[in-house]
Amino acid sequence: MTVLGIESSCDETAVAVVRDGDEVLASVVYSQVPLHRPYGGVVPEVASRAHVEKIRGVAEEALAQAFPGEPDPWAKVEAIAATRGPGLAAALLVGWSFAKGLALALGKPLLAVNHMHAHLWSVRLGRPGLRGAALWPQLGLAVSGGHTAFVDCPAPGRFRLLGQTIDDAAGEAFDKAAKLLGLGYPGGPAVDRLARSAPPEARRAIRFPEGRVSAGHPLPEGWRPELCVSFSGLKTALLTHVRRHPPQGEAEVATICASYQTAIVGALTRRLEAALAGGGYRSLAVGGGVSLNGQLREALGALAERHGVALLLAEPRYCGDNAAMIAGIASAGLAGAGEGALALDVDPSLPI
Ligand code: KG4
Ligand code: ZN
């Protein structure tokens with residue numbers, strides 16, 4: 001099935017065309033990062049206005065790239081898919097309404113996609129070799145500016161939340177540190193770059209907390225405390241450290257970045273370790289913007305090897321928000337709602 005997918009849950013306006021789950025015919029992403037940079041974070045109203053302005057042009061560009069020279073490219077599309085949640089309400093509404101309009105005008109099915117499921121699907125994009133491989137059950141980690149979730153995937157299209165952050169997402173922890181250290185927005189890439197420039201011992205120079213969630217902490221049913229994480233204390237620890245020892249020069253900032261990043265990577269890998277032990281998993285799939293992090297990729301490689309599971313990481317261009325992952329999971333026949341989707345509204349807190 002060939003599906004046109006739309007993503008507008010946060011600050012990327014994206015449209016893609018994907019065939020049969022993993023063959024990406026086009027993936028166009030308009031990043032709003034420069035619009036939000038002056039505010040040091042995503043401003044919902046700014047995001048939704050930019051989606052309104054850009055979505056039609058991005059869709060036409062994706063279609064032209066997918067079917068060059070085709071007189072009626074819309075005829076080649078068999079269904080329209082879009083992110084229904086989770087995300088920012090006003091941002092989701094733009095892509096979801098645009099998708100509804102297209103589906104009605106073209107007389108094609110509308111497919112509702114959960115953004116988190118799509119991040120976990122992103123590891124398959126451009127890799128038809130993974131079709132039919134013995135990769136299930138799979139442990140998933142979706143780690144971005146909005147989410148840090150550990151997910152059990154017993155079979156294709158089936159997802160069960162095992163645990164997640166109880167406050168900030170890992171990407172947010174990176175972004176807040178960068179803001180505090182004056183490294184600009186978004187912070188992840190800047191912290192990653194500086195950490196890489198520091199000597200190996202810098203990773204252990206300052207001890208930052210790894211955000212354990214106590215066994216007695218009230219959690220929703222089914223979440224395991226050892227698979228939940230809290231990143232808010234980490235940010236406070238950084239603030240306290242910087243107040244006590246204001247960094248002098250780039251090398252000292254780099255040491256802070258390396259130690260801080262080590263705490264985040266340690267927090268994530270320790271939980272994955274707990275989930276992998278005794279889970280009977282055959283693969284570990286990690287998607288989302290933070291999965292671009294060099295130290296995290298390194299640690300995931302070692303972890304997967306130790307546990308004898310296949311490590312599936314998305315290609316860099318599919319780590320951040322994109323529409324190929326939306327069209328991908330939908331064109332594999334794993335999106336929800338089908339016929340009933342036209343009656344659905346967006347759901348900003350759509351659960352996994
Ligand atoms: O998936 P994404 O593009 O958007 C959503 O939040 O859904 O993720 C963006 C997040 C930001 O917080 C950004 O700082 C982080 O991913 N990020 C990184 C790196 N590149 C992007 N974090 C750590 N290391 C990186 N290299
Ligand atoms: Zn995302």
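Visitor: Is strand E1 mostly covered or mostly open, and how many of its residues are buried?
Guide: Happy to start there, keeping in mind that this is a predicted model. E1 spans residues 2-7 and is mostly covered. Thr-2, Leu-4 and Ile-6 point one way, while Val-3, Gly-5 and Glu-7 point the other way, and all are buried. The number of buried residues in E1 is six of six.

Visitor: Which residue of E2 is the bridge partner of Ile-6?
Guide: Let's follow the chain out of E1: a hairpin of four residues leads to E2, which covers residues 12-19. The two strands pair in the antiparallel sense over six bridges. In E2, the partner of Ile-6 is Val-15.

Visitor: And which residue in E4 stands opposite Ile-6?
Guide: E4 covers residues 79-85 and runs parallel to E1, joined to it by four bridges. Opposite Ile-6 in E4 stands Ala-82.

Visitor: Which element gives the most residues to the largest nonpolar core?
Guide: That core has 48 residues, and Phe-231 and Ile-264 have the most contacts inside it. Elements supplying at least two residues each include strand E6 (138-143), helix H5 (170-180) and helix H8 (250-276). The top contributor, with 14 residues, is H8.

Visitor: Which residues does Ile-264 contact, leaving aside its neighbours within four places in sequence?
Guide: Ile-264 is one of the two residues with the most contacts inside the largest core. With those sequence neighbours set aside, its contacts are Ala-170, Ala-173, Phe-174, Phe-231 and Leu-234.

Visitor: How many residues are in the second, separate core?
Guide: Here we return to E1, where Val-3 is buried. Val-3 belongs to this second core, as do Val-18, Cys-228 and Cys-319. Its size is 38 residues.

Terms used. Residues are numbered from 1 along each chain as its sequence is written. Chains are lettered from A and ligands numbered from 1 in the order in which they are written. This is a predicted model: local features need pLDDT of at least 70, side-chain atom pairs count only at pLDDT 80 or more; totals for chains, interfaces and linings use all residues. Side-chain values use heavy atoms; hydrogens and water are left out. Buried means under 20% relative accessible area, exposed over 50%, partly exposed in between (1.4 Å probe, protein chains only). Two strands pair if DSSP finds at least two bridges between them. A nonpolar core is a set of buried Ala, Val, Leu, Ile, Met, Phe, Trp, Tyr and Cys residues joined through side-chain atoms within 4.5 Å. Contact means heavy atoms within 4.5 Å.
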